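The report that follows describes a sheet, the nonpolar cores and the aromatic contacts of one protein chain, and it is best read with the structure open alongside.

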Amino acid sequence: MLQRLPRRAFLKALAASAGAAAVPTLAGAGQADGKAQGERASWQNWSGNQTARPRNLAYPADEAALARLLANTEGTVRPFGGSHSFSAVVPTGDTLVSLEAINGLRSVDAGALRFGAGTRIAQASSEAWGEGRSLINEPDINLQSLAGAIATGTHGTGLGLPCLSDQVVGLELMDTEGTLHRLDHKDGDRFQAARCGLGALGLITAVTLDSAPAYRLEEHTWTLPLDEAMDFVEREKDNFRNIEFFAFPLGGTAIVKTMSLTDDPEDDLAQDDSNDLLETVCELSMRAGWMTSTLQKLVTFFVEENRRRGPAHKIYANRRTVRFNEMEYTVPAEKGIECLQEVCEVIREQDINVFFPIEFRYSAADDTLLSMFSGRAGASLSIHQYFKQDATPLFRATEPVLRRHQGRPHWGKLHSLGADELRELYPRFDDFLALRRELDPRGRLLNDHLRHLFGIDAKGQPA
């Protein structure tokens, strides 16, 4: 019967029958509330776990308008882009700034592409393609602004490929006094700090990215038992341009994805949109946790082997509508699989109810001061929990494992570290803090979260 029943229909039937017997009616995901409350606007991030009610919510049209805004406001100023960060890197009660209007391709100089900082990754990669170029690598969510993605060390996958911050060859940074700093490799540490600066050095207004001649990719996706997937990725990590997998610890299954360069000119972009099924399964798993391991085992049944082919920027990105909260740590590349094995063991031992898989990726080392890959190639473990479920048990159980393997937290994801722990992980941490004081002496770019990360009290002194 299962051979005759389409996979999507099977999963829907499973949810309908089991859900009707075991759980309440499934509710849809909530929507972000952008309405003003009183005299203040409101903001929230994509998952809804971070909110703010700033006195000022500003959308300057250009650099001159941004300089006027900085001159005419007091208190903390924080930028926001695509609002895809889960950590409290954005919120403030004073001034929130979107650079959405400062966007688009501004100039092309050989392989260097200069964009307005508010440009979304999807727009940047599409405009690059129009110039016969491709970004060197991209993340699998392309809705972030370039400035936000760079500020937090956003990355794709591929052991020989750097994070987005390392692809920056020039940037323009406006300090809180309205002075514009044009930085590139000749500026040494100041440039290396600004390439992954958490929005703590100034407001990035333009980004110049290195690029490659336009290229095409073939993506191959299939399922394996989890142990076999770990063995495959460990063995083949140097043999594919891009490689990653999604681990389901409770079901012992995995989805593996590789990408390779191709000269085949024919596009084949067909992709099954399973977001509706994922939402259904997450709701079912949340309300009937005893089914989670079975649902994870069924991944090998309802995920079909698939190949896609086309322009690089159309292959990198995935459409994700099911909201979640995320913790991500990057450990030394050679420790990645060992760390993942321990994380999976902890989840099984503590029987933590989570359907969302763990995403496992590689990235090359870079020479920025504060990216997760500073001075070492890394394996990144992204741990997700459905946004309606409390992520605390999952994150509390797995974070110590990630830390034991010298993991560095993603700046846009949830973690519990402060200045003392971060100083041990980053040899140039204090150099970054010195540059921050130089560029923002009044601490206008610091919200409570950044003060905690940098060990700074409300008066701007070391805590």
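In strand β10, Asp184 is the bridge partner of Gly170. This bridge belongs to the pairing of β9 (residues 168-174) with β10, which is antiparallel and runs over five bridges; two strands count as paired if DSSP finds at least two bridges between them, and helices (H or I, at least four residues) and strands (E, at least two) are DSSP runs numbered from the N terminus.

The model is predicted, so that local features need pLDDT of at least 70 and side-chain atom pairs count only at pLDDT 80 or more, whereas totals for chains, interfaces and linings use all residues. Residues are numbered from 1 along each chain as its sequence is written, and side-chain values use heavy atoms, with hydrogens and water left out.

The open sheet that holds this pair has five strands in the order β6-β7-β11-β9-β10, with antiparallel pairing. Its edge strands, each pairing on one side only, are β6 (105-109) and β10 (180-184).

Turning to the interior, the largest nonpolar core has 124 residues, and Phe245 and Phe454 have the most contacts inside it. Such a core is a set of buried Ala, Val, Leu, Ile, Met, Phe, Trp, Tyr and Cys residues joined through side-chain atoms within 4.5 Å, where buried means under 20% relative accessible area, exposed over 50% and partly exposed in between (1.4 Å probe, protein chains only). Helix α11 (residues 336-349) supplies the largest share of this core, seven residues. Apart from it lies another core of seven residues, including Ala212, Tyr215, Met259 and Tyr316.

Among the aromatic residues, 15 pairs are counted, the rule being that rings of Phe, Tyr and Trp (its six-membered ring) pair if their centres lie within 6.5 Å, with planes under 30 degrees apart called stacked, over 60 edge-to-face and the rest tilted. The rings of Trp222 and Phe232 have centres 5.4 Å apart and planes at 85 degrees, so this pair is edge-to-face. Because Trp222 lies in strand β13 (residues 216-225) and Phe232 in helix α6 (residues 226-236), the pair ties together parts that are 10 residues apart in sequence. Trp222 is buried, with a relative accessible area of 14%, and Phe232 is buried at 13%. Ring pairs also link Trp46, Phe86, Phe324 and Phe356 into a cluster.

Charges over rings are tabulated below; the criterion is NZ of Lys or CZ of Arg within 6 Å of the ring centre and within 35 degrees of the ring normal.

| Charged residue | Ring | Distance from ring centre |
|---|---|---|
| Arg323 | Phe387 | 4.2 Å |
| Arg408 | Tyr426 | 4.7 Å |
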